[in-house]
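Visitor: Please take one part of this model and go through it closely. I would like the cut-offs stated along the way.

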Amino acid sequence: MSAVDTTPMMLSVREIRMIVERILLHAGLPQGLIPDVRDAVLYSHAQGLGGLPMFKQVFAVTSTGAPAPMTADGNTLDAG
């Protein structure tokens, strides 16, 4: 077996937007919310507030089911 490569990958903003959009679509988020949630993830990452690592933790698409609601400091993000 070979070792896992942990070298950071460089992606463009466009590529990240497309990846995040596909994950949100697969997770069943209504299409009207996807652009705002996608941009919130990107802006959060740009400001060092969690961004992509938090997105990966909360919205990781698995074969076992839908992602859990995103929470921060005990408050649930309901997009409403």
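Guide: What follows is a close look at helix α2 and its surroundings.

This is a predicted model, in which local features need pLDDT of at least 70, side-chain atom pairs count only at pLDDT 80 or more, and totals for chains, interfaces and linings use all residues. Residues are numbered from 1 along each chain as its sequence is written, and side-chain values use heavy atoms, with hydrogens and water left out.

First, the setting. The chain holds 3 helices and 2 strands. Their order from the N terminus is α-α-α-β-β. Helices (H or I, at least four residues) and strands (E, at least two) are DSSP runs, numbered from the N terminus. The chain has 80 residues, and 19% of them count as buried. Buried means under 20% relative accessible area, exposed means over 50%, and partly exposed lies in between (1.4 Å probe, protein chains only). The accessible surface is about 6,300 Å², with 59% of it on carbon and sulfur atoms. Such areas come from the Shrake-Rupley method with a 1.4 Å probe; for residues, only the protein chains shown count as cover.

Now the helix. α2 covers 34-46. Its 13 residues should span 18 Å at 1.5 Å a residue, and the end C-alpha atoms are 18 Å apart, which agrees. The expected span is 1.5 Å times one less than the number of residues. The buried residues of α2 are Ile34, Val37, Arg38, Asp39, Val41, Leu42 and Ser44.

Take the nonpolar ones. The largest nonpolar core has 8 residues: Ile16, Val20, Leu24, Ile34, Val37, Val41, Leu42 and Phe55. α1 (13-26) and α2 each supply at least two of them. α2 gives the most, with 4 residues. A nonpolar core here is a set of buried Ala, Val, Leu, Ile, Met, Phe, Trp, Tyr and Cys residues joined through side-chain atoms within 4.5 Å. In soluble globular proteins, nonpolar side chains tend to be buried together. One core member, Ile16, touches Leu11, Leu42 and Leu52, not counting residues up to four places away in sequence. Contact means heavy atoms within 4.5 Å.

Next, the charged residues. Arg38 is buried, with a relative accessible area of 13%. Asp39 is buried too. These two form a salt bridge, with the closest N and O atoms 3.0 Å apart. A salt bridge is a side-chain nitrogen of Lys or Arg within 4 Å of a carboxyl oxygen of Asp or Glu. Arg38 also forms a salt bridge with Glu21, and there the closest N and O atoms are 2.2 Å apart. That pair links distant parts of the chain: Arg38 sits in helix α2, Glu21 in helix α1, 17 residues apart. Glu21 is partly exposed, at 22% relative accessible area. Glu21 forms a salt bridge with Arg22 as well, at 3.7 Å between the closest N and O atoms. Arg22 is partly exposed, at 48% relative accessibility. The structure holds 3 salt bridges, and a network of them links Glu21, Arg22, Arg38 and Asp39.

Finally, Ser44, also in helix α2. Ser44 is buried, with a relative accessible area of 17%. A polar atom of the Ser44 side chain lies 2.9 Å from the backbone nitrogen of Gly51. Leaving aside neighbours within four places in sequence, Ser44 is in contact with Leu49, Gly50 and Gly51. Just after α2, Gly48 takes a positive phi of about 70°.

Note on methods: Polar contact = N/O pair within 3.5 Å; in protein donor to acceptor, adjacent residues only side chain to side chain.
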